[in-house]
Amino acid sequence: MTIQDLGNIGELVAAVATVATLLYLALQLRENTQAVRGEARRASRASSSSVNLSIATLPGVADLFNRGLGDFDALSAEDHTKFAFLIGELVNTVVVTHDEVEAGILDRSHLTVSGETIRPFLRSPGGRSWWARYSPTYPRLFREWIDDMLLEPPGKPPQQQCAAADSA
C-alpha cells in the first residue's frame, strides 16, 4: 500500500466522519427547536395565567376590569392606570405569540387561539378606547392584525396576518 492509497483512505474516513457529524448536528438542532417551541408555549400560558389569576382572585380587580371594559374613559385616574396595565398585560401575551408565529417558533393555530381570547376584550367599548390610545406603542404588523380583527364580524375567527402566516 502506497502513501497515496493511505491518503485516499484518510480522505474517505474524513468524509464519512463529516457526514456523521452533520447528521448528528441536524438531530440536535431539531431537538433544540422542539424545546424552544415548547418553552414559548409554556411562557405564553404562564404570563396569561398570572393576569387571569389576578382578575379572578384579587378583591376588586374583576370589578375594575369590568368597569374598564364598559367605559375606560370614565374610570378614576388610579383605576384608569390599573385597567390600562391589566388589559395591557393580556395584549402583551398576544404580542409575544404573534412575534413567535412570525419567527416560525409557533404555528398559526396559536395565533388563532390568542386572537379569539383577546378579541372580546378589545371589542368592548372600554377595550376599543384603550386600544385607540395605546395601539401606537405596539409593532406595526401586530397593530394591523388587531385592527383587522376588530373590523371582522363577531364569530369569525381572526385572520392570521403576519409574515409567517403569509408565507405558509
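**Burial, packing and confidence in a predicted model**

Q: Why is leucine 111 called buried?
A: Leucine 111 has a relative accessibility of 0%. Buried means under 20%, so leucine 111 counts as buried. This model is predicted. In it, leucine 111 is found in helix α4. Its C-alpha lies 6.1 Å from that of histidine 98, although the two are 13 residues apart in sequence.

Q: What makes serine 114 count as buried or exposed?
A: Its relative accessible area is 12%. The cut-off for buried is under 20%, so serine 114 is buried. Serine 114 also sits in helix α4. Leaving out residues up to four places away in sequence, serine 114 touches Val94 and Thr97.

Q: How do you know which class of exposure tyrosine 134 belongs to?
A: Its relative accessibility is 26%. Buried needs under 20% and exposed needs over 50%. The value meets neither condition, so tyrosine 134 is partly exposed.

Q: What is the class of phenylalanine 72?
A: Phenylalanine 72 has a relative accessible area of 0%, so it is buried.

Q: How many aromatic pairs are there, and why is the pair of phenylalanine 72 and tyrosine 134 given its class?
A: There are 11 aromatic pairs. The ring centres of phenylalanine 72 and tyrosine 134 are 6.5 Å apart, and their planes meet at 65°. Centres within 6.5 Å make a pair, and planes over 60 degrees apart make it edge-to-face. The pair is therefore edge-to-face.

Q: What does this pair tie together?
A: Phenylalanine 72 lies in the loop between α2 (61-70) and α3, and tyrosine 134 in helix α5, so the pair ties together parts 62 residues apart in sequence. Both residues belong to one aromatic cluster, which also includes Phe65, Trp130 and Trp145.

Q: How do you know where the buried residues of α6 lie around the helix?
A: The buried residues of α6 are Phe142, Trp145, Ile146, Met149 and Leu150. Seen down the helix axis, they fall within an arc of 130°, so they line one face of α6. These residues pack against α3 (77-102), α4 (108-123) and α5 (125-134). One of them, phenylalanine 142, touches Val91, Val94, Val95, His98 and Trp131, not counting residues up to four places away in sequence.

Q: How does the span of α6 compare with the expected value?
A: Helix α6 runs over residues 140-151, 12 residues in all. From first C-alpha to last, it reaches 17 Å, close to the expected 16 Å.

Q: Which residues of α5 are buried, and what do they pack against?
A: Gly126, Gly127, Ser129, Trp130 and Trp131 are buried in α5. The buried residues of α5 pack against α2, α3, α4 and α6.

Q: Which residues of the largest nonpolar core touch the most other members?
A: The core has 29 residues, and those with the most contacts to other members are Phe83, Val91, Leu122, Trp130, Trp131, Phe142 and Ile146. Helices α1 (3-57), α2, α3, α4, α5 and α6 each give two or more residues to this core. α3 gives the most, with nine. In soluble globular proteins, nonpolar side chains tend to be buried together.

Q: Which elements have the lowest and highest mean pLDDT?
A: Helix α7 (residues 163-167) has the lowest, at 40, and α5 the highest, at 95. Over residues 159-168 the pLDDT is below 50, yet this stretch has 23 contacts in the model beyond near neighbours in sequence. Where pLDDT is low, predicted coordinates should not be read in detail. The protein chain averages 82, and 82% of the residues score at least 70.

Key:
Residues numbered from 1 in each chain as written. Predicted model: local features only at pLDDT ≥ 70, side-chain atom pairs only at ≥ 80, totals over all residues. Heavy atoms only, no water. Helix = DSSP H or I, 4+ residues; strand = E, 2+ residues; numbered from the N terminus. Expected span 1.5 Å × (residues − 1). Buried < 20%, exposed > 50% of the residue type's maximum accessible area, 1.4 Å probe, protein only. Arc of directions from axis to C-beta. Contact = heavy atoms within 4.5 Å. Phe/Tyr/Trp six-rings, centres within 6.5 Å; stacked < 30°, edge-to-face > 60°. pLDDT = per-residue confidence, 0-100. Core = buried A, V, L, I, M, F, W, Y, C linked by side-chain atoms within 4.5 Å.
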